[in-house]
Amino acid sequence: MKKILIIGANSYIGNEFEKYVRNKNVNLSEVQSKNEILIEKVHASNGDWKCLNYEGYDVVLLVAAIVHQKETVSMAELYHEVNCNMPVEIAGKAKQAGVKQLVFMSTAAVYGSSITHITKDTVPNPDTLYGKSKLAAEMKLKEMETEEFRVAIVRPPMVYGEGCKGNYTRLVKLATYNPIYPKIHNRRSVIRIDRLCSYIEEIIENESSGIYLPQDKEYSDTIMTIKQIRMAQGKRTIFVPGTAWLVKCVMKRASVVRKMFGDWYYE
């Protein structure tokens, strides 16, 4: 039996992981009850994590962060404080209290937006405040790791699923209202929320440490994803052939277009 503290009570991933574990616990037999996972959650935004006693927890799952906001230079200090300094302080409290493992939800944004193909040897090069602050946290957390206090860092690509926010929500909104798209195929890493929850559970069960890059077995193709979304809505999609060259030209100048139609995937 493991006792897990989720820091980030309003987090989509945190709440979905709690649901995933709760449903799994319900299906456990009496014999398997020793494998039950107990979860408690605490808010990060109101500072509750500062007053908490971390003793008695086996794992801290840290999912709280500033994300999905329009970045400005003036926000740099805030991003660093919330996405870097806070995780490091939480890790210090957890380590001192005897917590065995910290699972830190980082991001694929640590690699930057200009890269298209990520391997295990790709050096992170973030170009956003979000990515920079997360990478800074990763580096400091790894320095705190010992045999008794393991640190697992998870860098998921775009997460999708019911109730998901962020880039996938924007894609659904675009697909809903726009019927015409260029005919250009791409390759992008994504992960469905239930698969991500299963992945986190496996990391916790194995008391793993290190850096993890989870993804679905199949890569996503943006226009095919859009087509599937529109089909589910009973709508027809029109693809314009012979426009791939134009989109590629625009991608060099427009990051939004590059993010949508360009390649970005884990090996």
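A residue is called buried when its relative accessible area is under 20%, exposed when that value is over 50%, and partly exposed in between. The structure described here is a predicted model, and this report follows the definition through its strands, its nonpolar cores and its salt bridges.

## The covered strands

Strand β4 is a suitable place to begin. It is mostly covered, since 5 of its 5 residues are buried. The side chains of this strand point in two directions: Gln101, Val103 and Met105 point one way, Leu102 and Phe104 point the other way, and all are buried.

Which strands pair with β4? Strand β3 pairs with β4 in the parallel sense over 4 bridges, and β6 pairs with β4, also in the parallel sense, over 5 bridges. Individual residues can be followed across these pairings. Val60 has Leu102 in β4 as its bridge partner, while Met105 stands opposite Val154 in β6.

Strand β6 is likewise mostly covered, with 4 of its 5 residues buried. Besides its pairing with β4, β6 is joined by 3 bridges to strand β10 (residues 210-212), and the two run parallel. In that pairing, Ala152 stands opposite Gly210 in β10.

## The nonpolar cores

The largest nonpolar core has 25 residues, of which Ile7, Tyr54, Val60 and Ile90 touch the most other members. Several elements contribute to this core: β1 (2-7), β3, α3, β4, α4 and β6 each supply at least two residues. Helix α3 gives the most, with 5 residues.

Ile7 illustrates how such a core residue is surrounded. When residues up to four places away in sequence are not counted, Ile7 touches Val42, Ala44, Trp49, Tyr54, Val60, Leu61, Leu62, Val63, Ala64 and Ile90. Apart from the largest core lies another core, of 24 residues, among them Ile6, Ile13, Ile200 and Tyr212.

## Salt bridges

The model contains 11 salt bridges. Three of them are listed below.

| Acidic residue | Basic residue | N to O distance |
|---|---|---|
| Glu201 | Lys24 | 2.9 Å |
| Asp58 | Lys100 | 3.9 Å |
| Glu138 | Arg155 | 2.5 Å |

What does the salt bridge between Glu201 and Lys24 tie together? Glu201 lies in helix α6 (residues 193-205) and Lys24 in helix α1 (residues 12-26), so the pair ties together parts that are 177 residues apart in sequence. The two partners can also be described by their accessibility. Glu201 counts as buried because its relative accessibility is 6%, which is under the 20% limit. Lys24 has a relative accessible area of 36% and is therefore partly exposed.

The side chains of Asp58 and Lys100 form another of these salt bridges, at 3.9 Å from N to O. This pair links distant parts of the chain, 42 residues apart: Asp58 is in the loop between α2 (48-51) and β3 (59-62), and Lys100 is in the loop between α3 (76-96) and β4 (101-105). Is Asp58 buried or exposed? With a relative accessibility of 18%, Asp58 counts as buried. Lys100, at 46% relative accessibility, counts as partly exposed.

In the third listed pair, the side chains of Glu138 and Arg155 meet at 2.5 Å, N to O. Glu138 belongs to helix α4 (residues 129-143), and Arg155 to the loop between β6 (150-154) and β7 (158-160); these distant parts of the chain are 17 residues apart. Both partners, Glu138 and Arg155, are buried.

## Features at the surface

Some nonpolar residues are found at the surface. Ile180, Ile238 and Val240 form a nonpolar patch there, with about 210 Å² of accessible area together. Ile180 is placed in strand β8 (residues 180-182). Its relative accessible area is 45%, so Ile180 is partly exposed.

Helix α6 also contains Glu205, which counts as partly exposed because its relative accessibility is 47%. How far apart are Glu205 and Lys2 in sequence and in space? The two residues are 203 residues apart in sequence and 8.5 Å apart in space, C-alpha to C-alpha.

How values were computed: Residues are numbered from 1 along each chain as its sequence is written. This is a predicted model: local features need pLDDT of at least 70, side-chain atom pairs count only at pLDDT 80 or more; totals for chains, interfaces and linings use all residues. Side-chain values use heavy atoms; hydrogens and water are left out. A salt bridge is a side-chain nitrogen of Lys or Arg within 4 Å of a carboxyl oxygen of Asp or Glu. Buried means under 20% relative accessible area, exposed over 50%, partly exposed in between (1.4 Å probe, protein chains only). Patches are made of residues with over 30% relative accessible area and no salt bridge: like charges are joined within 9 Å, nonpolar side chains (Val, Leu, Ile, Met, Phe, Trp, Tyr) within 5 Å. Accessible areas come from the Shrake-Rupley method with a 1.4 Å probe; for residues, only the protein chains shown count as cover. Two strands pair if DSSP finds at least two bridges between them. A nonpolar core is a set of buried Ala, Val, Leu, Ile, Met, Phe, Trp, Tyr and Cys residues joined through side-chain atoms within 4.5 Å. Contact means heavy atoms within 4.5 Å.
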